[in-house]
Amino acid sequence: MAKAQSVEAPKRKSGKWGWIIVAGIIGVTWLGAMNPTEPPVPLTAEQKADQETIQLAAFYSGCTLSRYGSEAFALTTAYIKPRLNNPGSAKFPYRDEYIRIDQSTCTFHIAGEFSAKNGFGGRVRGLYDVQLRRTQKGGWVPVSVRVN
């Protein structure tokens with residue numbers, strides 16, 4: 001009879017990274033239990049008003065041509081095109097000098113010219129004058145839209 005050979009299962013290496021992760025989780029949990037965070041103190045009405053004033057001033061100071069000028073111009077064209085006979089043929093040259101900004105209200109005044117095809121297929125030129133106000137939440141509100 002032949003002797004039965006014993007086959008040993010390969011030994012698994014202990015995962016030192018696994019133990020490091022476990023120790024890290026325990027450490028973070030322990031630190032969180034030792035240093036509980038206190039709830040924030042509610043602001044007074046005066047402090048809230050001051051904070052809103054600071055945020056509003058920061059918002060208005062950020063209303064610049066370099067930051068929102070191209071977005072205001074793109075929205076201007078979107079407001080004008082539906083008023084034309086052939087909106088797909090409209091061309092709007094972009095020029096920085098067409099845009100003025102009232103930083104105290106974050107209102108963009110865009111005036112310029114466009115060309116588009118009329119009902120007979122010929123190209124005509126026109127003028128537009130649009131005022132858009134940027135809101136603190138990131139939206140735009142049309143103040144006035146005029147197309148000549």
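Visitor: Which residue takes a positive phi in the hairpin of β3 and β4?

Guide: That is G138, which has a positive phi near 100 degrees in a hairpin with 5 residues between its two strands. Please keep in mind while we talk that this is a predicted model.

Visitor: OK, so let's step back. How many helices and strands are there?

Guide: The chain has 3 helices and 4 strands, and reading along the sequence they follow the pattern α-α-α-β-β-β-β.

Visitor: And how do the strands line up in the sheet, in what order?

Guide: They form an open sheet in the order β1-β2-β3-β4, and the pairing is antiparallel. The strands at the edges are β1 (99-102) and β4 (140-147), and because each has a single partner strand, one side of each is left without a neighbour in the sheet. On average, and ignoring direction, neighbouring strands here are turned by 25 degrees against each other.

Visitor: What holds strands together in general?

Guide: Strands of a sheet pair through backbone hydrogen bonds, and the pairing can be parallel or antiparallel.

Visitor: How many bridges join β2 to β3?

Guide: There are 11 bridges between β2, which covers residues 107-117, and β3, which covers residues 123-134. As an example of how residues face each other across this pair, T107 stands opposite R133 in β3.

Visitor: And how many between β3 and β4?

Guide: Here the number is 7, again with the two strands running antiparallel, and Y128 is found opposite V147 in β4.

Visitor: Switching topic: which salt bridges are there, and how many?

Guide: The count comes to 2 salt bridges. In one of them R134 pairs with E71, where the closest N and O atoms are 3.5 Å apart. This pair links distant parts of the chain, since R134 belongs to strand β3 and E71 to helix α3, with their positions 63 residues apart in the sequence. The other salt bridge brings together the side chains of D129 and R146, at 2.3 Å from N to O, and it links strand β3, which holds D129, with strand β4, which holds R146, the two being 17 residues apart.

Visitor: Is R134 buried or exposed?

Guide: R134 counts as buried because its relative accessibility is 11%, under the 20% cut-off. Its partner E71 counts as partly exposed at 32% relative accessibility, whereas D129, from the other salt bridge, is buried with a relative accessible area of 17%.

Visitor: You mentioned α3. Where does that helix sit relative to the sheet?

Guide: Helix α3, residues 65-80, packs on the sheet and touches β1, β2, β3 and β4, and its direction makes about 125 degrees with that of β3.

Visitor: Which of its residues are buried?

Guide: In α3 the buried residues are Y68, G69, A72, F73, T76, T77 and I80, and these buried residues pack against β1, β2, β3 and β4.

Visitor: What about just before that helix, where is G62?

Guide: G62 lies in the loop between α2 (45-61) and α3, and it counts as buried because its relative accessibility is 11%. Leaving aside neighbours within four places in sequence, G62 is in contact with R67 and Y68. From C-alpha to C-alpha, G62 and Q103 are 8.3 Å apart in space, although 41 residues separate them in sequence.

Visitor: Back to phi angles for a second: which residue has a positive phi although it is not a glycine?

Guide: That is C106, with a phi of about 55 degrees. C106 is found in the loop between β1 and β2, and it counts as buried, with 0% relative accessibility.

Visitor: Now the outside. What makes up the nonpolar surface patch?

Guide: The patch is made by W19, V22 and I26, and it comes to about 350 Å². I26 belongs to helix α1, residues 16-34, and it is exposed, with a relative accessible area of 54%.

Visitor: Last one: what percentage of the whole chain counts as buried?

Guide: Of its 148 residues, 22% count as buried. The accessible surface of the chain comes to about 11500 Å², with 58% of that belonging to carbon and sulfur atoms. As for contacts with a separation of 6 or more, 49% are between residues 24 or more positions apart.

Technical notes
Residues are numbered from 1 along each chain as its sequence is written. This is a predicted model: local features need pLDDT of at least 70, side-chain atom pairs count only at pLDDT 80 or more; totals for chains, interfaces and linings use all residues. Side-chain values use heavy atoms; hydrogens and water are left out. Patches are made of residues with over 30% relative accessible area and no salt bridge: like charges are joined within 9 Å, nonpolar side chains (Val, Leu, Ile, Met, Phe, Trp, Tyr) within 5 Å. Accessible areas come from the Shrake-Rupley method with a 1.4 Å probe; for residues, only the protein chains shown count as cover. A salt bridge is a side-chain nitrogen of Lys or Arg within 4 Å of a carboxyl oxygen of Asp or Glu. Buried means under 20% relative accessible area, exposed over 50%, partly exposed in between (1.4 Å probe, protein chains only). Two strands pair if DSSP finds at least two bridges between them. Axes are lines fitted to C-alpha atoms, for helices over the stretch in contact, and angles run from 0 to 180 degrees between N-to-C directions. Contact means heavy atoms within 4.5 Å.
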